Amino acid sequence: MSTSTSPLFAPFKLGSIELANRLIMAPLTRNRAGPGRVPTDLAIEYYRQRASAGLIITEASQISPMGQGYLDTPGIYSDAQIDAWKRVTAAVHAEGGKIFLQLWHVGRISHTSLLPDGAAPVAPSALTAKSKTFTTEGFVDVSSPRAMTLDDIRSTIADYAQAARNAITAGFDGVEVHAANGYLIDQFLRDSSNQRSDEYGGSIENRTRFLAEVTDAVVAAVGAERVGVRLSPVAPFNDVADSQPQALFERAVERIAAHPLAYVHVIEGATGGDRDIDPSFDFAALRAKFSGAWMVNNGYDHAMAESRLAAGAADLFCFGRLFISNPDLVRRLREGRALNPLDAATLYGGGAKGYTDYPFLPD
Ligand code: PHB
């Protein structure tokens, strides 16, 4: 059997931490949190099994009760959640792995049945997404949101900062600000979902302000080298669109690049789908705005990661579905071994099946 000597499998310095390799486990919603939106013992085992990734980015985790949009997703705002996450980070660190927590606020992609006292979701503007969410009743249309006040914006930015501090308390190596996939920050960025007339809406400068202020606050809370940001410039996921995506996302990267962030993470296609939805989008121009580590995602396989790394197009390669079905993905790719198939029926919700029972290669 041949073992690859590619730099994909060599250590990579990310701020002050050293990753064992450049293969990153993507943030993946699995809807298996327990009562109180607390990660369970199964989550500890799931992440421990995948600790040979260069870095694990956890499933999206809400920064506050109002940040939740789907059934049984975990949070990072309560003491019980922090304590449970401590056990996850300890398990991953005991295996020599590194782990960031993804900070999430869904904005309008939610349902009153999931929110405190049946509240309406909050969003930049009172525009209902043509999108579904998953509740105790199964897949349902999202609820109509109310537009955030300036006080809501200020307190939500404070929630991001507190959630980042909570993540560090829980032992995470850093946090990833989820600014992708049509959730709250992306809703502020795009002109289809942001029709505000104050300093958070209208011009690209105004629409990138919320992202910039959240990033500033999270960086102030935990330090830039412990912060990554994830963007999805071409993904129409969750009913978002923009009239000038190239200019918008170049300015977005420019603003967050005011900090020496751990990395910028870009989804290069449609979330969970096609890579070639907007072939005119210039990702190289985006990358040119940031001098730190560039992480990419969306439909990568080993050969693609090798060729993009050799071309100097990215530093870190994020795999989602492959890491779900192959806890030892790094070894399998390094040794050119077969991969386990994914069971799509067990992605969301349930227990160990399709979560912690995918087989490892024999020793
Ligand atoms: C999902 O729950 O389907 C989901 C969550 C976060 C994402 C994308 C999809 O960024």
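Colleague: Which residues surround the ligand?

Modeller: In this predicted model, the ligand has Thr29, Tyr70, Trp104, His178, Asn181, Tyr183, Phe237 and Tyr348 around it. A residue counts as near a molecule if one of its heavy atoms lies within 4 Å of it. Local features need pLDDT of at least 70, side-chain atom pairs count only at pLDDT 80 or more, and totals for chains, interfaces and linings use all residues. Residues are numbered from 1 along each chain as its sequence is written, and side-chain values use heavy atoms, with hydrogens and water left out.

Colleague: What makes the pair between Asn181 and the ligand a polar contact?

Modeller: A polar contact with the ligand is a pair of N or O atoms within 3.5 Å. An N or O atom in the side chain of Asn181 is 2.6 Å from a ligand oxygen, so the pair fits that definition. His178 has a polar side-chain atom 2.7 Å from an oxygen of the ligand, and for Thr29 the distance is 3.4 Å.

Colleague: How do you know which residues Leu231 touches?

Modeller: Contact means heavy atoms within 4.5 Å. Leaving out residues up to four places away in sequence, Leu231 touches Ala179, Ala180, Leu189, Leu211, Phe249, Val253, Ile256, Val264, His265, Val266 and Ile267.

How values were computed: A polar contact is a pair of N or O atoms within 3.5 Å; within protein, one must be able to donate a hydrogen and the other to accept it, and residues adjacent in sequence count only if both atoms are side-chain atoms.
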